[in-house]
Amino acid sequence: MTELFDFEKSKQLLKNYLNYFEYQTGVKQLKIPQLKNALLCRILVYVVVIGGFIAPIIIVANLNFVPLAIKIITGVTLAIALLVYTIKNFMLLMAMDIVLATLHCHNTARKRFALPRSFAVKKVENRILKIGKPCSPIAISPKPHLLQYKSNYSWTIYSSGIEKVIAAYYIDLLDKKQYHSIITSATANSNSLKGKKKYRFLDKSAKKAPLNRATVIFIFAKQVDPDFRDRLFKAVCQNGGDGLDTATIPCVVDLETQLATFDSIRIPYVGYQYAVKNRGIKLIRKCLFNGKLTFANSPDAVDPIKDIDPEQSLWSFWRNMKKELISNEKEAQKRYENMAHKELIFDDGFVYLKWEDKGIWVYVELDEETKFAEIDEIDSWYYPKQNKIAKTTIQEIKGIINSYFAELGYTTRFISYD
């Protein structure tokens, strides 16, 4: 059924047409769209895949001379073909979506943003005061001028609650020492408010989930030490938490240069948990920029992602991703064939474990600060084909993984996305 839509043939037809167009007009064909237009590329992937199946259904449905029975058969056949194609190419489509989403988040980030023309400290204060409720700072110096706390009920199983804390500070001259004093003060004040509001009626999974917390630290400085100003972006990007469950986002507002420096690189949302870091960035955008970032006046882009050419066309990227996944599958198959029963290999952020004639492949994220090893939940075999794993076997496999990371000094935590 997947033969009803052959993506490679469709691309070839498009290529032939563009070559003909170039011959007739003398205009060199454009390699469009390019990855620098990541959002367009991300949307176009879905349009090409879904449209390739849906368009024929619409065309056939509008042909009056085609019998109704043929229309129904064609529609059902193409719908099933779309489902089969999606399942067969799920890993490829998901990998492409994640890369393009990550690229889009980088493209829409800046090292610093120009303040809007309508900026005024008093306006920002008023917007901050509308978020949550004011709280009394703890006895630590320097004290925040404003301290706001807001907590929301979580409607997903990924968190037991969503907390937002805003702390605002005012200083005449900001240097490295003063900056770290403010961050220490804001962190302590934020931690004192953790779990202030309790939610009783939560899903069983949500009760066990971590509390999502975003802490935004506004530092309004009349001047910034010139030596520290050069290292400011690097400073605000350090020790910000994991970004998914916890995020601390300092935002230095340089009143002399009219620039705001903060970590504006969002974490891509691909259908699972919404990163709490993105919530913090939204707070900065709302309070400081009244909802609209000043991209036109802020050309200082963040460093590009390594190994991704923004000038590469979507079609070339699509083809290369497919080749890479096929290559990785062949490499993984060879690796499992050479492994012994219960042998574990940890390589490049992934755990490979052989169990008799089968194998698992799971992603691991190591947190050096908390010494946690967060591992994707184990439920299916990866090699030689995907099948459910028996519960008793899962427990034995987890035991091997726990022992392996315990020797490295980490506590394991298995994360489920269901």
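Let me start with one pair of residues: Arg213 stands opposite Thr246 in strand 6. I should say at once that this is a predicted model, and everything I describe should be taken in that light.

That pair belongs to the pairing of strand 5, residues 212-224, with strand 6, residues 246-254, and these two strands run in the parallel sense over nine bridges. Around strand 5 there is also a helix to point out, since helix 5, residues 121-129, packs on the sheet and touches strand 3 (146-152), strand 4 (162-174) and strand 5. The direction of helix 5 makes about 35° with that of strand 3.

Helix 6, residues 176-192, lies across strand 3, strand 4, strand 5 and strand 6, and it runs at about 155° to strand 4. As for strand 6 itself, is it mostly covered or mostly open? Strand 6 is mostly covered, with seven of its nine residues buried.

Let me now turn to the other neighbour of strand 6. Strand 7, residues 259-261, is joined to strand 6 by three bridges, and here the two strands run antiparallel. Within that pairing, Leu259 in strand 7 is the bridge partner of Asp254. The hairpin of strand 6 and strand 7 has four residues between the strands, and in this hairpin Gln258 takes a positive phi near 60°.

Finally, the sheet as a whole: seven strands form an open sheet in the order 1-7-6-5-4-3-2, and the pairing is mixed. The edges are strand 1, at 113-114, and strand 2, at 133-134, each of which pairs on one side only.

Note on methods. Residues are numbered from 1 along each chain as its sequence is written. This is a predicted model: local features need pLDDT of at least 70, side-chain atom pairs count only at pLDDT 80 or more; totals for chains, interfaces and linings use all residues. Side-chain values use heavy atoms; hydrogens and water are left out. Two strands pair if DSSP finds at least two bridges between them. Contact means heavy atoms within 4.5 Å. Axes are lines fitted to C-alpha atoms, for helices over the stretch in contact, and angles run from 0 to 180 degrees between N-to-C directions. Buried means under 20% relative accessible area, exposed over 50%, partly exposed in between (1.4 Å probe, protein chains only).
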